[in-house]
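Biologist: I would like to learn how to read a model like this one. Could you walk me through it, one feature at a time?

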Amino acid sequence: MPRLPRLTTTVPKEYVHRAGLAEVFLTGCTAHDDLRFSLTGQWPRAHTYFNSSDGSSHDPLQVAETIRQACIYLAHTGLDVPLGHQFVMWNLSYTTDLSRLCIGSNPTDFAIEANCTELNRRGDAASEIRMDLAIYRDGSLLAHGAGHYGPLPPAIYKRIRGRRATGPLDEADAAIAVDTHALPPASVGRTSAADVVLTATDRPRRWLLTPNLNHPILFDHSADHVPGMVLMEGARQAASALVGPQGFIPVNASNSFWRYAELDRPCWIDVTQTASESGNTMTVEVTGRQDGHSVFSSTMTGPVS
């Protein structure tokens with residue numbers, strides 16, 4: 001019987017906390033030692049969400065999602081965190097080379113070098129992790145970033161979340177899903193109304209977070225809170241709405257998460273500060289607040305077209 005060639009496939013979706021195979025961007029991993037890893041992955045040419053409005057480039061937030069997946073995957077496969085644990089992300093940052101995000105004639109294959117720079121354990125499993133990552137395309141640096149996060153055993157997660165840990169709310173009960181004055185897609189750098197996550201308010205520089213809870217990418221699987229990627233998208237759309245028709249691309253971003261954003265309470269997205277940088281770029285600071293508490297903050301820098 002002829003020997004079959006080794007074929008490429010994605011890593012198990014359970015290891016990156018995704019429900020859909022199409023949303024898994026990692027394809028393999030090699031451990032060099034207990035703290036250093038090399039991963040491979042691929043981005044599709046025509047992702048339904050993570051690409052530019054004209055379809056010519058990958059979205060910088062796809063870098064953020066890839067970092068998120070790599071951090072969770074390495075916790076499960078390299079740092080002894082069992083499946084079934086939930087994760088809390090305290091900070092996720094990235095810096096991209098915009099010229100390396102162009103979509104070519106083939107899917108974008110990439111390699112990741114990951115280094116665990118801080119590791120605290122509770123018993124045999126990791127409880128706090130800092131991971132630095134560099135993403136390469138054709139041998140050149142495409143992006144680098146970091147994640148600071150912690151796995152939570154089911155019992156601890158249930159104790160923290162209480163009744164909310166039992167499962168997602170029905171959309172009728174989720175105040176965050178009210179979407180009566182959603183912004184026009186073009187005003188937030190989107191082409192589809194289904195991708196808009198903000199609703200206008202009567203205050204300048206303030207919006208209400210109102211994502212579609214059935215969105216196939218942002219809510220790939222059921223959740224009892226607003227995912228961090230949705231909060232980052234809300235920040236990006238707020239910056240785009242502020243800048244106007246010329247558009248804003250978050251080439252660099254640092255995102256900090258302070259509390260869970262609940263589905264049944266209004267979450268307000270505010271642009272708190274802006275600054276002009278050299279080379280026709282801007283830095284925009286965005287915060288999310290719920291019930292008077294800061295939920296997350298995002299500082300983004302990028303070009304204004």
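Modeller: Gladly, and we start with exposure: a residue is buried under 20% relative accessible area, exposed over 50% and partly exposed in between, with a 1.4 Å probe and protein chains only. With 53% relative accessibility, Asn280 therefore counts as exposed. Please keep in mind that this is a predicted model, where local features need pLDDT of at least 70, side-chain atom pairs count only at pLDDT 80 or more, and totals for chains, interfaces and linings use all residues. Residues are numbered from 1 along each chain as its sequence is written, and side-chain values use heavy atoms, leaving out hydrogens and water.

Biologist: Where is Asn280 found?

Modeller: Asn280 is in the loop between strand S10 (268-277) and strand S11 (281-290). Helices (H or I, at least four residues) and strands (E, at least two) are DSSP runs, numbered from the N terminus.

Biologist: And how do I read backbone angles?

Modeller: Most residues other than glycine have a negative phi. Asn280 is not a glycine, yet its phi is positive, about 60 degrees. Arg205 is another non-glycine residue with a positive phi, near 65 degrees. The loop that holds Arg205 runs between strand S7 (198-200) and strand S8 (206-209). Arg205 has 36% relative accessibility, so it counts as partly exposed.

Biologist: What should helix H3 span?

Modeller: The expected span is 1.5 Å times one less than the number of residues. For the 16 residues of H3 (residues 228-243) that gives 22 Å, and the end C-alpha atoms are 23 Å apart, which agrees. Since 13 of its 16 residues are buried, H3 is largely enclosed by the rest of the structure. Gly244, just after H3, has a positive phi of about 100 degrees.

Biologist: How are aromatic pairs read?

Modeller: A pair of aromatic rings is described by the distance of the centres and the angle of the planes. Rings of Phe, Tyr and Trp (its six-membered ring) pair if their centres lie within 6.5 Å; planes under 30 degrees apart are stacked, over 60 edge-to-face, and the rest tilted. This rule gives 7 aromatic pairs. In one of them, the ring centres of Trp43 and Phe110 are 5.0 Å apart and the planes are at 45 degrees, so the pair is tilted. Trp43 belongs to strand S2 (residues 36-43) and Phe110 to strand S4 (residues 108-122), so the pair ties together parts 67 residues apart in sequence. Trp43 and Phe110 are both buried.

Biologist: Which kind of pair do Tyr49 and Phe50 form?

Modeller: Their pair is edge-to-face, at 5.5 Å centre to centre with 85 degrees between the planes. Tyr49 and Phe50 are both buried, and Phe25 joins them in one aromatic cluster.

Biologist: What about charges over rings?

Modeller: A charge sits over a ring if NZ of Lys or CZ of Arg is within 6 Å of the ring centre and within 35 degrees of the ring normal. Arg190 lies over the face of Tyr49, 3.8 Å from the ring centre. Likewise, Arg161 lies over the face of Tyr260, at 4.4 Å from the ring centre.

Biologist: How many helices and strands does the chain have?

Modeller: The chain has 3 helices and 12 strands. Of its 305 residues, 49% count as buried.
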